[in-house]
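Trainee: I would like to learn how to read a few local features in a model. Please take me through them.

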Amino acid sequence: MELLKRAVILISGVVQGVGFRPFIYRVAKKYNLKGYVRNDGKGVRVEVEGGEKDILEFIRSVEAQKPAMSQITSLEVDFKDNLVGYTDFLIEESIKDDRKEVSISPDISICDRCIEEMLDPSNRRYLYPFINCTDCGPRFSIICALPYDRKETVMKKFTMCFECSREYKDPTDRRFHAQPNACHVCGPQLFLYTSTGRLVGEKMKALEEACKIVQEGMIVAVKGIGGLHLVCDATNTEAVSLLRQRKRRLEKPFPVMFKDIQQAREYTRITPHEESLLTSPQRPIVLVQRLQEEKLSPLVAPDLDRVGVFLPYSPLHYLILTKVNRPLVVTSANISREPMIKDNQEAIEKLPQSADFILLHNRDIKNRVDDSVVLSVGEKRVFLRIGRGYAPLSFKLPAKLRKNVLAVGGHQKVSVAIAFEDNVIISPYIGDMETVESTEAFQETVFTLFKLYNFWPEVVVSDLHPGYYTTKWAQLFSEENQLEHLKVQHHIAHALSLNLDADVKEEILYVCWDGTGYGFDGNLWGGEFLIFDGSNIARAMSFRYFRLIGGEKAIREPRRVALSILFQLYGKDILRLNIPAVFSFKEREIENLYTLWEKGINSPLTSSVGRLFDAVSSILGIKHTVSYEGQSGMIMERFYDPSIKEFYPFKIENGQIDWSLMFFGIIEDRYKRPLAVSKFINTLSKIAVEVSKMYQLNIGLSGGVFQNGKLLGRILKDCKKEGIKVYLHSSLPPNDGGLALGQLGFILKMVK
Ligand code: ZN
Ligand code: ZN
Ligand code: FE
């Protein structure tokens, strides 16, 4: 007879709330092993007794066949000499633990098997909008505390009916320990309210009414997984126009939800890589190419050749999209610039201004999560925002930190991160710190992470910008609690974020191009080349400075940036120039602005490449004022012609990229938009290549400018031709959503 062995196996990573224990149970049974599996604060602990060969096979199967949404970051096996004498394999109750190193699973879209059941008239969950199983359903959005157990989620107020609790307790059932498990009888239900708060229907009636209302061209607020959305018919221009007015969102594109990939294809061109992103369990919004002759309202994404597309990810969305049977605008329900609304009471108080009806349910949203947004460039996934499906994001550092660190990010697109030892947890996208509500959401997120991970920082790290809300908060918070406060320069944080995110192991040139970030010289940087050799980081080169006339105002008015460039090239005498940007001003205005420019009054210096996009767009008459961040660059993508290979001349002198020759060329081509836009983007790519060659270093790209798919695509192609390796972000956005990780990177790599 074979000698019996005992093994203790510790597995960490995303292993809770993803069907890991039932999976272990099934595999253990298969190899006839005895023992137990349980969740603890560190992940999953398994003890097995059986033949040594069976145990080894068991471990191999666990690694090879793990549940789709799980991630194993470590699996430690410890063979013991003595036997306990287990007689069966059991799934044990969770153990509470002080150190919480386990990663929380993000929310997961409805799985195929649940869809099948939901559409089966003989199933007891027929058309139930909250159907879920261990492979799918809400996770982070419903968690109050760890470990992930029903009593620590918002589901604790729903007592499971006999049938549901039988499934929940049966290790062979797909709903074994599915914490949000529920049905028509015992689970959450829908309620439809008018904008004045009158209840007009419940359950199926609420759903049917809401769908009818959307078909009639009205706007319905719908409570989903991580917050509320405003929903309307994307093919009905009147409805979309009404939504724009009420949301006070003039031009910023709305995402569109399609019932399935076939329907999405009638409106957009979807590559196989984009399809794999759209149908992945994370179901992000993917920015895809629109078809020329599609029938979406032109107000959905004005002036853009791309539109954000996503597929239903919750059973409720699935039912609505199927019933309405046309593409719907599904956009975060919020008052202009505030965070997405998530609570019923708040919805009824705030949404009457924007929604005709409000479709709510009584499953609370504990943690807000916005939809994730991604872009596919040359088969590479580029995040524009990490939220539902991807965040909270667990990240392993290459070495251990000596202290607990909180990183608070920047000012726009803020995500925060906590770190202990080599564990990093990055929060979902919170938003721009422009309103009181956003700053409250920021604090709420920080303290939620503290609570979930039983965490308290010893060091707080922020941006260098003295005016950022997050910097000031970090200052105050660290003073009050006697913590260390460190500030990291914006572009250094971008570079170190990329260094960790792309796992860079060599000395490279970090190309950090973005809107603006506060520089060491007090100017606004944004066109930087940094070199990091593993212990030192230095600014190797940057774009030549120009002025932002009127500071903040110049960010909303690209024509002011254009004017500033023109002043720098031609002096005061620009009226004679036949340039659209100039015509957009009155003569008197130009004189006043010249005075501001010349004296440098409220006109800070900047090297920002993002602002150069603005200048070009105004010089070409594409956009003189913008209504959202990055708009001119996004519109310019439409004019890019990849068959144009030429670029403008430029000079590299004294560590500076001199753009004057480029602008002379752009001014000459100003009435040939596709040519000028293409040559401008090609020039930027050429600049990156030239600097890379000068230093004989591979490059990495970080900063908001690299959300531009056309520029990114061009650089990847040009570098490939030159044999230059390009590092891109992998799990985080290149924009300021990635700053928090870079701030942690600074502590890890630079603070000795
Ligand atoms: Zn499912
Ligand atoms: Zn039930
Ligand atoms: Fe930035």
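**A buried arginine, a helix and two cores**

Mentor: Start with Arg 150, which is buried (under 20% relative accessible area, 1.4 Å probe, protein chains only) yet has no salt bridge (side-chain nitrogen of Lys or Arg within 4 Å of a carboxyl oxygen of Asp or Glu). The nearest side chain of opposite charge, Glu 167, is 9.0 Å away. This is a predicted model: local features need pLDDT of at least 70, side-chain atom pairs count only at pLDDT 80 or more, and totals for chains, interfaces and linings use all residues. Residues are numbered from 1 along each chain as its sequence is written, and side-chain values use heavy atoms, leaving out hydrogens and water.

Trainee: Which backbone oxygen lies 2.8 Å from a polar atom of the Arg 150 side chain?

Mentor: That of Asn 181.

Trainee: How many residues of α22 are buried?

Mentor: Helices are DSSP runs (H or I, at least four residues), numbered from the N terminus. In α22, 10 of the 14 residues are buried, so the rest of the structure largely encloses this helix. Asn 708 caps its N-terminal end, with a side-chain oxygen 3.0 Å from the backbone nitrogen of Lys 710. Gly 723 follows α22 and has a positive phi, near 70°.

Trainee: Which residues touch the most other members of the largest nonpolar core?

Mentor: In soluble globular proteins, nonpolar side chains tend to be buried together. A nonpolar core is a set of buried Ala, Val, Leu, Ile, Met, Phe, Trp, Tyr and Cys residues joined through side-chain atoms within 4.5 Å. Here the largest has 228 residues, and Trp 513 and Phe 663 touch the most other members. Helix α21 (residues 673-695) gives the largest share, 9 residues. A second, separate core of 27 residues includes Ile 11 and Phe 23.

Definitions and conventions
Chains are lettered from A and ligands numbered from 1 in the order in which they are written. Buried means under 20% relative accessible area, exposed over 50%, partly exposed in between (1.4 Å probe, protein chains only). Lys and Arg count as positive and Asp and Glu as negative; His and the chain ends are not counted. A polar contact is a pair of N or O atoms within 3.5 Å; within protein, one must be able to donate a hydrogen and the other to accept it, and residues adjacent in sequence count only if both atoms are side-chain atoms. Helices (H or I, at least four residues) and strands (E, at least two) are DSSP runs, numbered from the N terminus.
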